[in-house]
Amino acid sequence: MVTEVERATVDAPVAFRMLGISRNTGYSLIQRGEFPCQVIKAGKRLLIPKIALSRLLGEVKSENSREEAPPC
């Protein structure tokens with residue numbers, strides 16, 4: 001049986017829910033280039049790397065323990 005590979009990204013609406021912002025606000029931030037994380041445009045899809053969200057939310061520390069990782 002083939003196991004599913006865990007995705008490294010989430011769709012934009014999922015990222016918006018994780019950040020506690022509305023869809024309108026999220027898409028507006030992306031359009032203005034002000035979304036706080038990297039956004040990957042794949043055709044019509046907008047994908048957000050999970051690691052960038054985790055860093056932004058403070059769930060992942062930098063490899064260098066003396067400094068915090070930048071959010072994105």
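This passage looks at how aromatic rings pair up in the structure. The model is a predicted one, and two aromatic pairs turn up in it.

Take Phe16 and Tyr27 to begin with. Their rings sit edge-to-face, with 5.0 Å from centre to centre and 85° between the planes. Phe16 belongs to helix 1 (residues 12-19) and Tyr27 to helix 2 (residues 23-32), so this pair ties together parts that are 11 residues apart in sequence. The two partners also differ in how they are classed for exposure: Phe16 is buried, at a relative accessible area of 1%, whereas Tyr27 comes out as partly exposed, with 32% relative accessibility.

Phe16 has another ring partner, Phe35. Here the ring centres are 5.9 Å apart and the planes make an angle of 65°; planes over 60 degrees apart count as edge-to-face, so the Phe16 and Phe35 pair gets that label. This contact, too, links distant parts of the chain: Phe16 is in helix 1, while Phe35 is in the loop between helix 2 and strand 2 (40-42), 19 residues apart. Phe35 has a relative accessibility of 9%, and the cut-off for buried is under 20%, so Phe35 counts as buried.

Put together, the ring pairs join Phe16, Tyr27 and Phe35 into a cluster. Phe16 takes part in both pairs, with Tyr27 and with Phe35.

Notes. Residues numbered from 1 in each chain as written. Predicted model: local features only at pLDDT ≥ 70, side-chain atom pairs only at ≥ 80, totals over all residues. Heavy atoms only, no water. Phe/Tyr/Trp six-rings, centres within 6.5 Å; stacked < 30°, edge-to-face > 60°. Helix = DSSP H or I, 4+ residues; strand = E, 2+ residues; numbered from the N terminus. Buried < 20%, exposed > 50% of the residue type's maximum accessible area, 1.4 Å probe, protein only.
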